[in-house]
Structures are given as C-alpha cells and as structure tokens.
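Trainee: I'm new to this one and would like to learn how to read it. Could you walk me through it?

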Amino acid sequence: MIELKNEQELKRMRQAARVVAGLLKQVSAMVRPGIKTKALDEAAIAYIHGQGAKPAFLGYRGYPASICVSINEEVVHGIPGERRIRSGDVVSIDAGAVVEGFYGDAALTLALGEISSQAQALIQTTQQALTQGIAQAVVGNRISDISHAIQRHVEQQGFGVVREFVGHGIGRALHEEPPVPNFGDPHLGPRLQVGMVLAIEPMVTLGDYRVQVLADGWTAVTKDRSLAAHFEHTIAITEQGPEILTLCEDK
Ligand code: MF3
Ligand code: CO
C-alpha cells in the first residue's frame, strides 16, 4: 500500500533526509587517494549517531555496514572494507538514516583525480537523469512518467540504464510501495499524489546495463565490467511540486 505522509510525518522525514544530506557531504569530503572504504563507513556511523539518528542500512537484510561504497564497475551495494580508493576511481556513495522511525536515503557519484571524458559524461548524465525524473514527480503524473524521463535522458546520451534495481517509496521503512523503475513507457502505474515520498535513484552504465551480484551476496557489478554511476534523492510530492528532502542546505 502506498502511504501518504501528513505534515507531521513529513517533518520527521525532512529531519532524516537532512542527516543523510549532511552525511554524504561529510563522507564525500573524506574521499582521497589511499583512504580505506571502511574508514568512510566508520565516519558515517559516527556522524549518524552524532546527529541523534540511526543508520538505515546496517542490518537491513543482513547488510553489514552503514553506507555503500561502490567503485568503478561496482554499481550499488559495495560493502566498505579494506580496499583503498585510488586516484582515477569513480566512487558511488549511498547513505541512509532513520530519525524517530522515519527514513531518508540518497546517493551520489564522484570522481577522484583524472578520469576519462566518457566517465565524466556518465556521471553528469546520471545526475541529469535524476533531475529530469524528479521534474516529473508532480500531481497528475504517474510513476512511470518519472521512469520514462530517466530512461530517455540516459539513452539519448548513449548510456545504459540498470533494470535489476529500482527506486522506491520511503517513509516508515527504507523500502515502501511503489517501486520506481528507471525505465519504461510513460503514463503507467500509480497516480502521483500530495504526500507521497519517493527515493528516485537512476543507476547508469557506460556499456551493457546488465548487472551481476558478486559472491559477497551484495556488491552489484556491471556484467561487462564497464563503469557505473548512481545518484539518488528522497523527494516529497507537494502541491507546489517536488520537494527534494536530501538536498544539502548550503548548496
Ligand atoms: N539506496 C539503496 C536502496 O534503497 C540502499 C540500500 S543498501 C542496503 O536500496 F544495504 F540497505 F540494502
Ligand atoms: Co534507495
């Protein structure tokens, strides 16, 4: 069932989302050559607790960390560990937090040092696709209008859009109804209503869009090992249009 949030609930969702935005900012600033991905996770846990929040990912279906760090051909759900980030890496960071029972979820991709112009285009296109998807999150549209706008933008630029993972409703749980695919024909699925809160999250690949989960049971990589990028925001549908809850205030 799709839950519509009232003002009181939206207030707590804004708080959770603000923690996530601050967390992504903090962790992004730490990304430099030689840093272990688990150091990012440790900083993330400390930040989340410092904000009086709880991690949303830790323990979710047994996930062992508070953030996901996915490097290069890793698309999503990379588990922080001993790996050191290197110059030239494309690094996606996905973060979630819970405040008073309400969830926030966001992700971004950044490049460290020199990357190819193709890799730069991939990152930029993924971020633009998220923006275009969010622009469709208005009353009167349907879920697949978001999906279609994302797919169209990605494929126009010649990149692939991942099918196996999708965006989702969010609120009292990390994943609520409805699913929000990043591909599909327009004008299908549930009608968008005021009070719906969605996590929209395009995952885009340089080559083939098919993915494969590694033996750790989590890390999703592109089948052809091409680069991938991922951007995500938690947004609320309001009478005034989409409100991006996970935007960093000072940006
Ligand atoms: N943004 C991802 C999602 O909504 C994060 C999930 S990581 C997990 O699916 F570990 F919590 F699964
Ligand atoms: Co999500």
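Mentor: Sure, and keep in mind that this is a predicted model. Let's begin with the metal: the site of the cobalt ion (ligand 2) is irregular, with angles of 67 to 170 degrees among its six donor atoms.

Trainee: What are the ideal angles for six octahedral donors?

Mentor: Ideal angles at a metal are 90 or 180 degrees for six octahedral donors. Here, the angles run from 67 to 170 degrees.

Trainee: Which protein donors does the cobalt ion (ligand 2) have?

Mentor: They are Asp 105 (OD), His 168 (NE2), Glu 201 (OE) and Glu 232 (OE), at 2.1 to 2.2 Å from the ion. Along the sequence, these donor residues follow the spacing D-x62-H-x32-E-x30-E.

Trainee: Now the other ligand. Which residues are closest to ligand 1?

Mentor: Asp 94, Asp 105, His 168, His 175 and Glu 232 are the closest of the 13 residues around ligand 1. That shell has six nonpolar, three polar and four charged residues.

Trainee: And which polar contacts should I look for?

Mentor: Try the nitrogen side: a polar side-chain atom of Asp 94 is 2.7 Å from a nitrogen atom of ligand 1, and one of Glu 232 is 2.9 Å from a nitrogen atom of ligand 1. For His 175, a side-chain N or O atom lies 2.9 Å from an oxygen atom of ligand 1.

Trainee: How much of ligand 1's accessible area does the protein cover?

Mentor: It covers 95% of the 330 Å² that ligand 1 has on its own. The space ligand 1 takes is the largest pocket.

Note on methods:
Residues numbered from 1 in each chain as written. Chains lettered and ligands numbered in written order. Predicted model: local features only at pLDDT ≥ 70, side-chain atom pairs only at ≥ 80, totals over all residues. Heavy atoms only, no water. Near = heavy atom within 4 Å. Polar contact = N/O pair within 3.5 Å; in protein donor to acceptor, adjacent residues only side chain to side chain. Areas by Shrake-Rupley, 256 points an atom, 1.4 Å probe, with all protein chains shown as cover. 1 Å grid on protein atoms, 1.4 Å probe; cavity = no way out; pocket = protein on both sides within 12 Å on 5 of 7 lines; lining within 4 Å. Sits in = over half its atoms within 2 Å of the grid points. Nonpolar A, V, L, I, M, F, W, Y, C, P; charged D, E, K, R; others polar. Donors = N, O, S within 2.8 Å, 3.2 Å for Na, K, Ca; no water. Tetrahedral: all angles 85-135°; square planar, octahedral: opposite > 155°, others 65-115°.
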